[in-house]
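Here's a walk through one protein model, written for someone meeting it for the first time. Have a look at the picture, then read on.

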Amino acid sequence: MPGYELINKEEYLECKDVLKKSKTFFRMGFGHLRKGIYKVELFEKKFSEHINSKYALGVTSGTAALRVAIASLNLKPGDEIITQAFTFVATVEAIIEAKCKPVCINIDDTLNLDPNELKKKITRNTKAVIVVHMLGVPAKMDEIVKICKNKKIKIIEDTAWGCGGKYNKKFLGTIGDIGTFSFDHAKAITTGEGGMVVFKSKRMFLAAKAWHDHGHENNPKFPRWEDTRKSSGFNFRMNELQGAIGLAQLRKLDYIIKSQRKVYSSIWNSIKKIKGIKLREYSNKCYISADALIIIVKSKKLSLKCRELLLKYNISTKILPEAYTWHFAGKWSHIQELRKLKLSKNLKKSEKKLSRAVSIPISIRFTKKKILDIKKAIQKALN
Ligand SMILES: Cc1ncc(COP(=O)(O)O)c(C=O)c1O
C-alpha cells in the first residue's frame with residue numbers, strides 16, 4: 001500500500017513549518033531565514049537511523065538516486081554494470097547516462113537477479129552490480145555478496161520497491177555498498193517525487209553529495225559562491241517540502257509494512273489452495289515489504305485471463321502482466337544502446353517466467369470482500 005493512501009495532518013504540519021516558518025525551499029544555506037529548520041537534513045538523519053545505514057543523501061527521484069550512486073563509484077566510460085532483466089527501465093537508463101555499459105541478465109524464481117547467471121556474466125570490465133529487490137521481495141543477497149566480494153565488484157541495491165523490507169534481519173539497501181530508494185507516488189512511502197541514496201563508505205557519500213550538487217563541497221570555510229570543488233556534477237537536490245513530507249511518511253513506514261504484510265498473508269491464505277498457482281519464491285531469510293503479491297500460473301494465456309477477471313472485479317494488477325514491456329529488458333528496443341546487444345535472445349528464460357506472472361497490488365484498504373473477490377477472480381480464470 002503506497003504511503004499516499006495515508007497522507008494526512010502529519011504531512012500537512014511538516015509542510016506548514018516550511019511554508020509558515022522557514023520559508024526556505026533550498027536544503028542548505030539561508031541560515032538567516034530558516035529559523036533552524038532543515039527538513040531534508042533531518043529526513044536523511046532519521047532515514048539513516050531507521051534502516052541502520054551510515055550515511056544518507058536525499059535526491060529528487062529513485063532514478064536520480066541510481067545515477068548519483070553510480071557517480072560515486074568513479075567509473076570509466078564503457079565499464080560494465082550488471083543488472084537484472086526484470087526491473088524498471090530507470091535502472092538501465094541510469095547506467096547509460098553514466099556512460100557505462102548495461103549488462104542485463106536472467107532472473108531466477110525470486111524474479112530477481114540470478115546468482116548463477118551473475119557468476120557467468122562477470123568479465124574483467126565488470127565494475128558494479130545493481131541488484132533490484134523487485135516489487136518487495138529481496139534477491140538472494142548472501143550469494144550475490146559472496147560473488148561480488150571475491151571479484152571486488154561494488155553492489156548497488158535498487159530498493160525502489162522494498163523500502164522497509166529486510167534480508168537476514170538487515171534492512172534492504174544496507175547490505176551492499178550503496179542502496180537507492182524511490183519515494184515516487186506509487187511507493188511504500190512517498191514525497192511526491194523523491195529518492196534516497198545510502199552508503200557504507202564516507203568517501204563515496206561525500207563524492208555523491210558533491211556530485212548531486214554540481215560538485216559543491218559545501219565547504220564551511222567559504223561562502224557558496226566561492227565553494228571548493230573536485231568533481232563535475234549535476235543537480236539532483238531534494239527540496240525542503242519533499243523533506244518535510246518524507247519525515248511524516250517515514251514515521252508511518254513500520255505501520256505500512258506491517259499492514260502490507262498482513263494483507264499479503266490474508267490474500268495468499270485465501271487463494272493458496274487454488275490449483276495451478278505458485279507463489280513467487282523467497283526464503284525464510286526474507287522479511288518482504290509486500291508491495292505486491294505475485295503468483296505464477298501455467299501460461300501467458302492464463303496470466304492474461306487472471307488480469308481480465310481481476311479487472312471485472314475492479315481489481316487491477318501491478319506491473320505484471322500489463323506493464324511488463326516497461327519492466328523487462330528484452331523489450332527495450334527503443335533504447336539505442338541496448339538494441340545492438342540483442343537482449344531478447346539471451347533473456348528468453350526470464351521472459352518465460354515473467355509472462356506467467358500475475359502481480360496483485362496490496363492496499364491496506366482492502367476489505368474482506370475485496371480479498372474474496374480476488375479469490376473468485378483467480379478461481380474463475382483458472383477454471
Ligand atoms: C526498480 C525501480 N528502480 C528505480 C525506479 C525509479 O524511481 P523514480 O520513479 O522515483 O524515479 C523505479 C520506479 O518505479 C523502479 O521501479
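The C-alpha centres of domain 1 and domain 2 lie 26 Å apart. Domain 1 covers 3-250 and domain 2 covers 254-382, with bounds that come from an automatic or database domain assignment. Keep in mind that this is a predicted model, in which local features need pLDDT of at least 70, side-chain atom pairs count only at pLDDT 80 or more, and totals for chains, interfaces and linings use all residues. Residues are numbered from 1 along each chain as its sequence is written.

So where do the two domains meet? The contact takes 30 residues from domain 1 and 35 residues from domain 2; two residues are in contact if their C-beta atoms, placed from the backbone, lie within 7 Å. On the domain 1 side, α4, β3 and β6 each supply at least two residues, and α4 gives the most, with three. Those labels are DSSP runs numbered from the N terminus: helices are H or I with at least four residues, strands are E with at least two. By type, the domain 1 side splits into 18 nonpolar, nine polar and three charged residues. Here Ala, Val, Leu, Ile, Met, Phe, Trp, Tyr, Cys and Pro count as nonpolar, Asp, Glu, Lys and Arg as charged, and the others, Gly among them, as polar.

Next, strand β2, residues 80-84. Is β2 mostly covered or mostly open? It's mostly covered: five of its five residues are buried, buried being 20 or more other C-beta atoms within 10 Å of a residue's own, with C-beta atoms placed from the backbone. In a regular strand the side chains alternate between the two faces of the sheet. In β2, Glu-80, Ile-82 and Gln-84 sit on one side and Ile-81 and Thr-83 on the other, and both faces are covered.

The table below lists some strand pairings; two strands pair if DSSP finds at least two bridges between them.

| Strands | Bridges | Sense | One bridge pair |
|---|---|---|---|
| β2 and β3 (101-105) | five | parallel | Ile-82 and Val-103 |
| β2 and β4 (126-132) | four | parallel | Glu-80 and Thr-126 |
| β6 (166-167) and β7 | two | antiparallel | Tyr-167 and Lys-170 |

Between β2 and β3 the chain passes through α4, and this β-α-β crossover is right-handed: with the strands pointing away from the viewer, the path from the first strand over the helix to the second runs clockwise. Strand β6 also belongs to an open sheet of three strands, ordered β7-β6-β11 with antiparallel pairing. Its edge strands are β7 (170-171) and β11 (286-287), each pairing on one side only.

What about the ligand? Of the 14 residues around the ligand, Gly-62, Thr-63, Phe-88, Ala-160 and Ser-182 come nearest; a residue is near if its C-beta atom, placed from the backbone, lies within 6 Å. Two or more shell residues come from each of α3 (62-71) and α4 (89-97). The shell divides into five nonpolar, seven polar and two charged residues.

Last stop: Leu-135, in the loop between β4 and α6 (141-151). Leu-135 counts as buried because it has 27 C-beta neighbours inside 10 Å. Leaving out residues up to four places away in sequence, Leu-135 touches Trp-161, Asp-291, Ala-292, Ile-294, Ile-319 and Ser-359. The C-alpha atoms of Leu-135 and Leu-309 are separated by 22 Å, and these residues are 174 residues apart along the chain.

Terms used
Buried ≥ 20, exposed ≤ 12 C-beta atoms within 10 Å, placed from the backbone.
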